[in-house]
Amino acid sequence: MCVDLNSIVVQVVLAMRGPSVAENRRLLGLLETALVREARLWKAPIFKSECVQSCDISSCQHQEMIMWLWDVNRRLHFCPETLALGVCILNRLLSIVKAQPKYLKCMAFTSLVLGAKINEEDEIIRSVSDLVAESGCCFSTAEIIRMERIILDKLHWDLYTSTPVDFLHIVRPSFAL
């Protein structure tokens, strides 16, 4: 990212009224940890001439897929953190592989499923075949499982990265009255 996130974090923590010095130190530590994790893993697809670099996926298709993921996330009753992580997984994947548009929806849905496996309670997550049926997708269970393996392999099984929602969860309690 272009901006100096460390200085922004320090300014946010210093600008907070009310918390004690110890609480400010704790918040600063949490934010720094999240920033380090984000800096290590954060990747976004690079768009060149309206397409993701090295792919035939346009920025419009990418945006439509994010909106579709939002709708699927809502229908499956997943939390906002799951959507944020699913989008981060998808973006990281698109930044390192050459993807064809015909696989984009499967990649996006599988990214959301992987995000759910990390963020959601076990009782919320149903079988892959149930998730596919509830989402209205036309993928087979085998396609999703195959895509899971590809994503895990390409991302070296390191799926969790800090998302904007994580930063909100760290900072928000400090602004509560």
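How many disulfides does the structure hold? The structure, a predicted model, holds zero disulfides, and the close-up views below begin with two of its cysteines.

**View A. Cys137 and Cys138, two cysteines outside any disulfide.** Cys137 takes part in no disulfide, and the cysteine sulfur nearest to it, which belongs to Cys138, is 7.0 Å away. Cys138 is likewise in no disulfide, its nearest cysteine sulfur being that of Cys137, at 7.0 Å. Since a disulfide calls for two cysteine sulfur atoms within 2.5 Å, the separation of 7.0 Å leaves Cys137 without such a partner. Cys137 counts as buried, with a relative accessibility of 14%, whereas Cys138 is exposed, its relative accessible area being 72%.

**View B. The buried face of helix 6.** Helix 6 spans residues 128-135, and its buried residues are Val128, Leu131, Val132 and Ser135. When the helix is seen down its axis, these buried residues fall within an arc of 100°, so they line one face of helix 6. Against which elements do the buried residues of helix 6 pack? Their packing partners are helix 3 (59-75), helix 5 and helix 7. Gly136, the residue that follows helix 6, has a positive phi, near 80°.

**View C. The largest pocket and its lining.** The largest pocket encloses about 270 Å³ of space. Its lining is made up of 14 residues, and those closest to the centre of the pocket are Tyr103, Cys106, Met107, Met147 and Ile150. Two elements, helix 5 (101-119) and helix 7 (141-154), are those that give two or more residues to this lining. By residue class, the lining of the largest pocket comprises nine nonpolar residues, one polar residue and four charged residues. Helix 5 and helix 7 thus appear in this view as contributors to the pocket lining, and they also belong to the set of helices against which the buried residues of helix 6 pack.

**View D. Cys79 and its contacts with residues distant in sequence.** Cys79 is placed in the loop that runs between helix 3 and helix 4 (80-96). Leaving aside residues up to four places away in sequence, Cys79 touches Asn73, Asn119 and Glu120. Of these contacts, the one with Glu120 joins positions that lie 41 residues apart in sequence, while the C-alpha atoms of Cys79 and Glu120 are 7.4 Å apart in space.

Terms used. Residues numbered from 1 in each chain as written. Predicted model: local features only at pLDDT ≥ 70, side-chain atom pairs only at ≥ 80, totals over all residues. Heavy atoms only, no water. 1 Å grid on protein atoms, 1.4 Å probe; cavity = no way out; pocket = protein on both sides within 12 Å on 5 of 7 lines; lining within 4 Å. Points joined across faces, edges and corners; volume = space filled by probe spheres on them. Helix = DSSP H or I, 4+ residues; strand = E, 2+ residues; numbered from the N terminus. Nonpolar A, V, L, I, M, F, W, Y, C, P; charged D, E, K, R; others polar. Buried < 20%, exposed > 50% of the residue type's maximum accessible area, 1.4 Å probe, protein only. Arc of directions from axis to C-beta. Contact = heavy atoms within 4.5 Å.
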